[in-house]
Amino acid sequence: MIRVKALAVTAPKQTGFFDLETPALGFGEALVRVRAVALCTLEQRVFQGVIKLPLPFVGGHEVAGEVIALGAGADPTAFPPGTRVAVRLFYHCGLCAACRSGQSNMCEAAKHKPVREGLLPGPGGLMDQVIVPVNMLFKIDDAISYEQASLTEPLACCVHSINRAAIRLGEDVVVIGGGVMGQFHVMLAKLRGARVLMSEPLEKRRETALALGADRAIDPTREDPVAAVGAWTGGERAGAVINTTADAGVFAQAFSMVGKGGRLIQYSSIHPDVPASISPQHTHAWEVTVTGSVSPVLEDFATANRLLNLGIIKVDRLISAVFPFEEGQQAFETAVRPETMRVVVTR
Ligand SMILES: [Zn+2]
Ligand SMILES: [Zn+2]
């Protein structure tokens, strides 16, 4: 048996620690000592009671750590014990229609991923050790800290989204929302050769966007963002608009910012999901593509791993605070404050 310690959300705004036991490593599995877990929106929403899931819930899917043991059948030359890794804690079955059409991020079975015997529901990164198939491990460069590497997963999510936005050199791109995901979109859109406008009410986040390469930042509470995008683009509107906010009203606004042949990416999940009004005629006449982006596929994770390892994307500005595992409650309380970027829990 493997003994693990888990940090779980036990009730709205409350966390607790659990000592658990799970069976020994299976074929092709690795035991990873967790060194850093970044707190994502999912577990923050569970903590706040916005998303109701069975409790106790062990969040954490943005994980970096150190390989400490391998099960039978796991090639010891690929990830020998001691290897520093980013961990993909997202399982796909490889069997369903989505997986077999290159859309493993929408795997039917991932939603019902089998929780290992003895463990609690949830993605399960907020533990002192995690057990994953070795093909979910990605080596991290010596120059990259565990804290930095824990942001591989959110970066991978944005890599997926930027690929869906199919940005062309020199295009105008609008990013709505200056949280961590919005800031990653700014950096990636710049790498794709775009001119980027950030729309964000908080001044501190606008400053971050500008520091990370955004060409313009506007406050949508002080000026009409649709008119601002119109003026910024000389009436053409944007080639791509990425909405990282969970607001259906903003979705409709974002649609009005899209230019001819442009793409609207609904990046954030929406809670509650309410209908938004967009123009079918405008969609037709301007050949607007309206799409979404949900979770990365394995290839996006590999790209994110490479972008971090090579120093092409730097994440330091996106880490607001680091807390030891034992101070998990404070970590959650800090993470849910609006001005906070990522909070990382370390061991
Ligand atoms: Zn995440
Ligand atoms: Zn599948």
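Which residues coordinate the zinc ion, ligand 1? Before I answer, please keep in mind that what we are looking at is a predicted model.

The zinc ion (ligand 1) is held by Cys40 through SG, by His61 through NE2, and by Glu62 and Glu153 through OE, at 2.1 to 2.6 Å. If you follow these donor residues along the sequence, their spacing reads C-x20-H-E-x90-E. His61 sits in the loop between α1 (41-48) and β4 (62-70), while Glu153 belongs to helix α3 (residues 152-165), so this pair ties together parts that are 92 residues apart in sequence.

What about the geometry around the metal? The 4 donor atoms subtend angles of 88 to 173° at the zinc ion, and because four donors count as tetrahedral only if all angles lie between 85 and 135 degrees, the arrangement is irregular. As for accessibility, His61 counts as buried, at 12% relative accessibility, and Glu153 is buried too, with a relative accessible area of 12%.

Let me now turn to the sheet. Here 6 strands form an open sheet with parallel pairing, in the order β10-β9-β8-β11-β12-β13, and the edge strands, each of which pairs on one side only, are β10 (216-218) and β13 (289-292). From one strand to the next, the twist averages 15°.

Within this sheet, strand β8 (residues 172-176) runs parallel to strand β9 (residues 195-199) and is joined to it by 5 bridges; Asp172, for instance, has Arg195 in β9 as its bridge partner. Finally, helix α7 (residues 248-255) packs on the sheet, where it touches β8, β11 (238-243), β12 (258-266) and β13, and its direction makes about 160° with that of β12.

Definitions and conventions:
Residues are numbered from 1 along each chain as its sequence is written. Chains are lettered from A and ligands numbered from 1 in the order in which they are written. This is a predicted model: local features need pLDDT of at least 70, side-chain atom pairs count only at pLDDT 80 or more; totals for chains, interfaces and linings use all residues. Side-chain values use heavy atoms; hydrogens and water are left out. Donors are N, O and S atoms within 2.8 Å of the metal (3.2 Å for Na, K and Ca); water is not among the atoms, so sites may look incomplete. Four donors count as tetrahedral if all angles lie between 85 and 135 degrees; four count as square planar and six as octahedral if opposite donors are over 155 degrees apart and all others between 65 and 115; anything else is irregular. Helices (H or I, at least four residues) and strands (E, at least two) are DSSP runs, numbered from the N terminus. Buried means under 20% relative accessible area, exposed over 50%, partly exposed in between (1.4 Å probe, protein chains only). Two strands pair if DSSP finds at least two bridges between them. Axes are lines fitted to C-alpha atoms, for helices over the stretch in contact, and angles run from 0 to 180 degrees between N-to-C directions. Contact means heavy atoms within 4.5 Å.
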